[in-house]
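Notebook open, structure about to load. I'll jot down what I look up as I go.

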There are 2 protein chains.
Amino acid sequence: MIDVRFPTALQMMLSLALAQTAGVERLSSAQLAEGIDSNPTFVRRLLVPLIQAGLVHSTMGRDGGVSLSTDAAMITLGDIYKATMGNKKLWTGRSDIPHRCLVSCNVERFFGNLADEVDESVLDLLSKRTLADALLELRTLDAARAQ
Amino acid sequence: MIDVRFPTALQMMLSLALAQTAGVERLSSAQLAEGIDSNPTFVRRLLVPLIQAGLVHSTMGRDGGVSLSTDAAMITLGDIYKATMGNKKLWTGRSDIPHRCLVSCNVERFFGNLADEVDESVLDLLSKRTLADALLELRTLDAARAQ
DNA sequence: TTGATATGCAATGATAAAAGATACATATTG
DNA sequence: CAATATGTATCTTTTATCATTGCATATCAA
């Protein structure tokens with residue numbers, strides 16, 4: 001199955017950012033789940049690392065829910081990516097390749113280094129964009145759609 | 001299951017490049033399969049797009065096998081990636097999100113654009129490296145390993 | 001204090017993408 | 001024509017991911 005954690009977390013964060021600008025204090029996991037057409041448990045699982053990273057604040061109990069910890073302009077898409085994907089690399093190579101020649105003895109490390117470079121370049125790209133930027137892009141797309 | 005087509009195709013291409021420098025005319029799918037600890041069918045499936053892209057030349061029949069179509073310095077890792085992964089994007093978002101608000105109506109396109117940018121930056125990185133460069137890196141890694 | 005309702009979290013089940021396995025037609029060489 | 005390679009279709013196995021269910025815990029309000 002395809003891993004949709006990042007796009008999903010991103011949508012949730014965008015919803016929280018929108019709520020923030022609209023003056024809504026917090027959203028429940030059920031509300032967020034509705035937005036992504038999924039279930040509250042999945043939402044809460046995704047929220048855990050975002051909360052631990054300090055991007056989202058959660059309040060328990062009745063009338064509980066989550067909200068952004070800070071202004072949307074202070075959160076980059078890179079922050080969200082790092083939090084939700086943790087140490088998972090974008091690429092994984094074959095493991096336990098039998099060592100028999102120059103290639104098989106060293107590809108594993110070679111590919112690992114390459115994957116690291118890729119991760120870095122993706123994070124660079126994501127870190128240049130804030131949630132606030134993204135929300136603005138959504139408005140632009142929406143305006144284009146309306147025409 | 002994790003998609004290991006690119007790392008696998010890369011290893012095969014490196015093996016073919018090494019064979020080329022060693023004066024070996026061609027390798028069979030069985031030989032390549034041994035190198036990646038897999039089976040000839042998987043190898044041949046992976047070879048199809050590489051052959052179609054003109055990166056690899058295949059000869060059928062007894063004593064058949066595959067070899068690089070050109071010098072390893074003329075083939076970039078980007079070529080290999082494009083051939084083996086085809087149109088598959090690095091990221092896929094959730095699909096069929098119900099359209100209910102500014103976010104849900106536009107994230108799909110927003111994320112698609114973002115994914116395109118990521119693909120582009122990864123391909124940029126991969127296209128700066130040739131198979132010959134990679135083979136040289138393997139030798140460097142091997143020398144470091146020997147110590 | 002208690003009922004309603006939220007999060008936090010564990011465990012189990014369903015789904016789907018990828019790789020493995022098998023079989024066989026076709027091509028080439030000696 | 002025998003041996004052995006590729007090309008390709010089909011079926012099975014594996015496994016990462018998401019959905020579902022259940023329940024403990026926290027909070028608010030009547």
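I started at a phosphate of DNA strand C: one of its oxygens is 2.8 Å from an N or O atom in the side chain of S38(B). I count a polar contact as a pair of N or O atoms within 3.5 Å; within protein, one must be able to donate a hydrogen and the other to accept it, and residues adjacent in sequence count only if both atoms are side-chain atoms.

Before going further, a note to self: this is a predicted model, where local features need pLDDT of at least 70 and side-chain atom pairs count only at pLDDT 80 or more, while totals for chains, interfaces and linings use all residues. Residues are numbered from 1 along each chain as its sequence is written, chains are lettered from A and ligands numbered from 1 in the order in which they are written, and side-chain values use heavy atoms, with hydrogens and water left out.

**DNA strand C**

I then looked at the bases of DNA strand C. A base nitrogen lies 3.1 Å from a polar side-chain atom of R44(A). A base oxygen is 3.0 Å from a polar backbone atom of R62(B).

Next I asked which elements give two or more residues to the surface near this strand. I found helix 3 (40–52) and strand 1 (56–59) of chain A, plus helix 3 (40–52) of chain B. Helices (H or I, at least four residues) and strands (E, at least two) are DSSP runs, numbered from the N terminus. Helix 3 of chain A gives the most, with four residues.

I listed the whole neighbourhood too: 29 residues are around DNA strand C, and S29(A), V4(B), S38(B), T41(B) and K88(B) come nearest. Near here means that one heavy atom of the residue lies within 4 Å. Of the strand C atoms that come within 4 Å of the protein, sugar and phosphate account for 61%.

By class I get eight nonpolar, twelve polar and nine charged residues on that surface. The classes go like this: Ala, Val, Leu, Ile, Met, Phe, Trp, Tyr, Cys and Pro are nonpolar, Asp, Glu, Lys and Arg are charged, and the others, Gly among them, are polar.

**DNA strand D**

Over to the other strand. DNA strand D is surrounded by 30 residues, the closest being V4(A), S38(A), N39(A), K88(A) and S29(B). Sugar and phosphate make up 64% of the strand D atoms that come within 4 Å of the protein.

I picked out three contacts here. S58(B) has a polar side-chain atom 3.0 Å from a phosphate oxygen of DNA strand D. A backbone N or O atom of G61(B) lies 3.2 Å from a sugar or linking oxygen of the strand, and a polar backbone atom of I2(A) is 3.3 Å from a sugar or linking oxygen.

Helix 3 of chain B, with four residues, gives the largest share of the surface near DNA strand D. By class, that surface has eight nonpolar, twelve polar and ten charged residues.

**Chain B against chain A**

How much area do chain B and chain A bury between them? I read about 4,700 Å², 70% of it on carbon and sulfur atoms; this is the accessible area (1.4 Å probe) that two parts lose on being put together, summed over both. On the chain B side, R94(B), L102(B) and F110(B) lose the most area to chain A, together 16% of what that side buries.

The contact (heavy atoms within 4.5 Å) takes 52 residues from chain B and 53 from chain A.

I found two salt bridges across this interface, a salt bridge being a side-chain nitrogen of Lys or Arg within 4 Å of a carboxyl oxygen of Asp or Glu. R129(B) forms a salt bridge with E117(A), with the closest N and O atoms 2.8 Å apart. Helix 5 of chain B gives the most to the side that touches chain A, with 17 residues.

**Copies**

Last, I laid chain B on chain A: the RMSD is 0.1 Å after a turn of 180° and a shift of 0.0 Å along the axis, superposing by least squares on the C-alpha atoms of residues with pLDDT of at least 70 in both. That is the relation of a two-fold axis. The same surface serves both copies, as 100% of the contact residues of chain B recur in chain A.
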